[in-house]
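Biologist: I would like a close look at one helix and what it packs against. Please give the cut-offs for the terms as you go, and then place a few other parts around it.

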Amino acid sequence: MFVNVDTVHDSADFPEQVDVVVIGGGIVGTTTAHELACRGVSVALLEKGLIGGEQSSRNWGWVRQQNRDMFELPLAMHSLNRWEALSGEIGRDVGFRRSGIVYTTDNPESLAKWEAWGEKARAHGFVSHVLTAEQAHERAPGTTSRWLGGIFSPTDGHAEPSMACPAIAHGARKRGAFVHQNCAVRGLELAGGHVSGVWTERGLIRTSSVVCAGGAWSSRFCRRHGVELPAANIMGTTLQTTPGDQVTPGCLTTPTIALRRRLDGGYTLAMPGLGRVEISPQGLRYATKFYGAYRSKLAKKLQVRLGRSFFHGPEAAGSWQFDQISPFERQRILDPMPDMAQARATLAALHSEYPALRGVHIARAWGGMIDTTPDMVPIISPVEALPGLVIASGFSGHGFGIGPAAGQLTADIVTGATPMVDPAPYRLDRFARGSRIRQPEMM
């Protein structure tokens with residue numbers, strides 16, 4: 001089901017030349033364009049469909065530092081500060097509320113793991129609180145479960161995915177960025193092995209710097225130019241409920257469900273870890289790099305099947321010419337079908353957990369496609385073999401929360417500024433042939 005997003009108006013003029021072209025109007029692309037425009041850089045933000053139309057409006061809306069991979073935690077901490085500042089800078093509400101996040105569990109191993117994570121996180125300056133069973137129930141009253149305990153991060157928050165990207169794109173345009181939707185980038189123009197422009201469906205834009213922030217489409221775009229970007233796209237199902245009583249003011253995870261209180265009084269709801277992977281040419285190409293991830297606990301809830309992805313969409317094979325219709329125009333917006341059986345099971349789990357919410361129903365459900373790297377840490381990196389190209393992709397389901405900081409770091413890399421955090425963990429060449437791939441540490 002298509003997800004509604006706030007309207008974005010395109011710029012009146014289409015540029016012939018800019019300093020930077022940003023491909024992709026999701027959270028990372030819009031924040032990168034906004035950061036560049038704020039620095040006085042001439043930038044064009046190009047989106048093949050609608051701003052925020054894919055995963056950036058289909059995620060849970062969580063903005064968290066808690067339980068991040070330690071490589072991601074510095075980005076997450078910077079991102080919370082940017083989220084808080086964005087509405088004031090832009091003059092539009094991005095839906096961000098710093099309401100805290102609660103994790104609960106009935107598993108002593110999970111509690112011990114969270115506590116150990118918290119000790120390491122304190123070295124970065126982040127503090128969360130381990131909860132007793134009584135404290136966990138106080139943070140989310142009304143449950144039927146007997147939780148062993150939990151963890152609470154008071155400085156975490158959430159934002160509204162349908163509002164955020166359009167608002168940030170508006171801010172970028174207000175600062176001078178060109179913003180154009182329904183304008184696919186078909187490929188790169190090269191001169192002497194360097195980027196010299198982008199070919200769009202509306203013609204050529206001259207530029208010396210390009211940021212590929214195309215989410216699930218990034219790997220296919222890069223392969224067209226001989227750049228290997230290992231990625232797997234995981235399809236997930238999320239639902240929105242009708243309005244109901246407040247059981248948490250922000251975000252809450254129990255052993256069976258993850259929920260976020262929405263501004264409209266309903267909940268965004270999902271089952272943590274569930275998803276499906278379709279067998280595809282891209283998946284087969286990078287299968288060995290994902291061997292460790294698929295054998296880990298993280299993959300136990302993944303379903304693998306053959307579907308349309310083998311022949312159509314971001315994971316399919318095939319090339320194209322820049323004066324021909326590209327795959328990005330044939331499928332303007334990725335809109336995978338939700339798993340309605342899973343959605344109903346998720347709602348039933350909510351009803352079982354919270355009797356006060358037994359009167360809420362599914363208002364809508366949708367599918368999303370999450371671009372994932374073998375170690376579940378994003379790629380924010382220049383491409384050494386193709387000077388002028390920077391990749392900001394593979395956010396593995398965390399892009400919405402850390403997007404504003406990722407945009408800052410990407411802008412630093414593009415402009416040659418001192419990076420806001422150490423960019424080494426996000427380099428593309430960590431997946432080079434023969435390199436040891438780090439095991440995912442996401443919780």
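Modeller: Axes here are lines fitted to C-alpha atoms, for helices over the stretch in contact, and angles run from 0 to 180 degrees between N-to-C directions. Helices (H or I, at least four residues) and strands (E, at least two) are DSSP runs numbered from the N terminus. The model is predicted, so local features need pLDDT of at least 70 and side-chain atom pairs count only at pLDDT 80 or more, while totals for chains, interfaces and linings use all residues. Residues are numbered from 1 along each chain as its sequence is written, and side-chain values use heavy atoms, with hydrogens and water left out.

The helix in question is H1, residues 27-38, whose axis comes within 8 Å of that of helix H5, residues 161-174, with a crossing angle of roughly 25°. H1 is therefore roughly parallel to H5 (under 35 degrees is roughly parallel, over 145 roughly antiparallel, 65 to 115 roughly perpendicular and the rest oblique). The crossing of H1 and H5 is left-handed, that is, the near helix is turned anticlockwise from the far one by less than a right angle. On the H1 side the contact (heavy atoms within 4.5 Å) is made by Ile27, Thr30, Thr31, Ala33, His34 and Ala37. Their counterparts in H5 are Cys165, Ile168, Ala169, Gly171 and Ala172. By class, the contact of H1 with H5 has seven nonpolar residues, four polar ones and no charged ones.

H1 also lies against a sheet. Six strands make up this open sheet, in the order E8-E2-E1-E12-E21-E20, with mixed pairing (two strands pair if DSSP finds at least two bridges between them). Strand E8 (178-180) and strand E20 (379-382) are at the edges, each with a single partner strand, so one side of each has no neighbour in the sheet. From one strand to the next the twist averages 15°. Within the sheet, strand E12 (residues 209-212) pairs with strand E21 (residues 389-393) in the parallel sense, over three bridges. Val211 stands opposite Val390 in E21. H1 packs on this sheet, where it touches strand E1 (20-23), strand E2 (43-46), E12 and E21, and its direction makes about 165° with that of E2.

A second sheet is open too: its three strands follow the order E9-E10-E11, and the pairing is antiparallel. Strand E9 (185-191) and E11 stand at its edges with a single partner strand each, so one side of each is left without a neighbour in the sheet. Neighbouring strands of this sheet are turned by 30° against each other on average, direction ignored. Four bridges join strand E10 (residues 194-200) to strand E11 (residues 203-206), and a hairpin of two residues connects E10 to E11. Val198 has Ile205 as its bridge partner in E11.

Two single residues complete the account. Ser128 is in the loop between helix H3 (108-122) and strand E5 (129-132), and its 9% relative accessibility counts as buried (under 20% is buried, over 50% exposed and in between partly exposed, with a 1.4 Å probe and protein chains only). Leaving aside residues up to four places away in sequence, Ser128 touches Gln66, Trp117, Arg122, Ile151, Phe152 and Ser153. Thr238, in strand E13 (residues 232-241), is likewise buried, at 6% relative accessibility.

Notes. Ala, Val, Leu, Ile, Met, Phe, Trp, Tyr, Cys and Pro count as nonpolar, Asp, Glu, Lys and Arg as charged, and the others, Gly among them, as polar.
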